[in-house]
Amino acid sequence: MTGRYVWLWYVLAVSLGILTFQTTAAASELEVPGAHRNRVVETEGRSGVINRIDVENGQLVIDDLKYGFSPGQLIVRKGGHVSSLKALRPNQRVRYSNKSHAPRRVAGNRVISEIWIQ
């Protein structure tokens, strides 16, 4: 009988050790300092009114701020569905995801990756 209990304690200890290791590994992944440095500086969710659309130069002006976009990569959403750039109009109210590749004060580096027509 003592052999059974030793085996049971062994299995229990190994199981708890694996569970503890998995929990610690998952937590440490979230706390890696500087892990975001190779990515985009910030992602914002904003809203505003479109002032101007320049598809040829890949530029949108929303609330008098210039934003760049890539026509092939910009996702336009309208009514819960994916739409196209043709759905965008001046004076339209929109929400958008802005990814800045530089500090905010450098306006030329603001890039819109996704836009929702309201």
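Which charged end sits over the ring of Tyr-67? The charged end of Arg-110 does, 5.3 Å from the ring centre; a charge sits over a ring if NZ of Lys or CZ of Arg is within 6 Å of the ring centre and within 35 degrees of the ring normal. This is a predicted model, in which local features need pLDDT of at least 70, side-chain atom pairs count only at pLDDT 80 or more, and totals for chains, interfaces and linings use all residues. Residues are numbered from 1 along each chain as its sequence is written, and side-chain values use heavy atoms, without hydrogens and water.

**Charge over ring**
- Arg-95 lies over the face of Trp-116, 5.0 Å from the ring centre.

**Nonpolar core**
- The largest nonpolar core (buried Ala, Val, Leu, Ile, Met, Phe, Trp, Tyr and Cys residues joined through side-chain atoms within 4.5 Å; buried is under 20% relative accessible area with a 1.4 Å probe, protein chains only) has 15 residues.
- Ile-62, Leu-88, Ile-112 and Ile-115 have the most contacts inside this core.
- Two or more residues each come from strand 2 (59-62), strand 6 (93-100) and strand 7 (110-117); strands are DSSP runs of E, at least two residues, numbered from the N terminus.
- Strand 7 gives the most, three residues.
- Leu-88 touches Ile-50, Ile-53, Leu-60, Val-76, Ile-115 and Ile-117 (heavy atoms within 4.5 Å), leaving aside residues up to four places away in sequence.

**Strands 2 and 3**
- Strand 2 pairs with strand 3 (residues 65-68) in the antiparallel sense over four bridges; pairing requires at least two DSSP bridges.
- Val-61 is opposite Lys-66 of strand 3.
- Two residues lie between the strands of this hairpin, where Asp-63 takes a positive phi near 50°.

Definitions and conventions:
Buried < 20%, exposed > 50% of the residue type's maximum accessible area, 1.4 Å probe, protein only.
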